[in-house]
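Work through the exercises below with the sequence and the model side by side. Each task is followed by a solution in steps.

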Amino acid sequence: MNPHGNGKNEPSDPEQLLRLVELELAQQRAARLRARSPYRAFRLASFIFLFAVLIGAVLAFYYVFYSGGLDEFRSRNEPRPTATPVSRAP
């Protein structure tokens, strides 16, 4: 099984060989987990910010259209009668 003869002793027991392969795979998996993208935290923060913006948009939509915020805004801008007399042209 060791065709190149690089000095590694191979176990003759198949179960021990299986354990060594599992150990090597676990080490490779751990190395991949450590070498994850350096932008992972930035990506997570951007998703949280996007979620916050969407929640804010939904709350603003609710306030303006369902809670009466639009009616309140319209009532502030209604023309009010003034107390000044209207001048008539002679």
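**Exercise 1.** Determine in what order the elements of the chain run from the N terminus on.

*Solution.* Reading from the N terminus, the elements follow the order α-α-α. Counted by type, the secondary structure amounts to three helices and zero strands. The model is a predicted one, and the order should be read with that in mind.

**Exercise 2.** Establish which elements have the lowest and the highest mean pLDDT, and set them against the chain.

*Solution.* Begin with the chain, whose mean pLDDT is 79, with 68% of its residues at 70 or more. Among the elements, helix α3 (residues 69-76) has the lowest mean, 69, whereas α2 has the highest, 91. Where pLDDT is low, the predicted coordinates should not be read in detail.

**Exercise 3.** Compare the reach of helix α2 with its expected span, and describe what follows the helix.

*Solution.* Helix α2 covers residues 40-66, which is 27 residues. At 1.5 Å a residue one expects 39 Å, and the distance from the first C-alpha to the last, 38 Å, is close to that value. Just after α2, Gly 68 adopts a positive phi of about 90°.

**Exercise 4.** Assess how much of the chain is buried, and locate a nonpolar patch on its surface.

*Solution.* Of the 90 residues in the chain, 1% are buried, taking under 20% relative accessible area as the cut-off. The chain exposes about 9,100 Å², of which carbon and sulfur atoms supply 63%. Phe 61, Tyr 62, Phe 65 and Tyr 66 together make a nonpolar surface patch of about 520 Å², and Phe 65 has its place in helix α2.

Note on methods
Residues are numbered from 1 along each chain as its sequence is written. This is a predicted model: local features need pLDDT of at least 70, side-chain atom pairs count only at pLDDT 80 or more; totals for chains, interfaces and linings use all residues. Side-chain values use heavy atoms; hydrogens and water are left out. Helices (H or I, at least four residues) and strands (E, at least two) are DSSP runs, numbered from the N terminus. The expected span of a helix is 1.5 Å times one less than its number of residues. Patches are made of residues with over 30% relative accessible area and no salt bridge: like charges are joined within 9 Å, nonpolar side chains (Val, Leu, Ile, Met, Phe, Trp, Tyr) within 5 Å. Accessible areas come from the Shrake-Rupley method with a 1.4 Å probe; for residues, only the protein chains shown count as cover. A salt bridge is a side-chain nitrogen of Lys or Arg within 4 Å of a carboxyl oxygen of Asp or Glu. Buried means under 20% relative accessible area, exposed over 50%, partly exposed in between (1.4 Å probe, protein chains only). pLDDT is the predictor's confidence in each residue, from 0 to 100.
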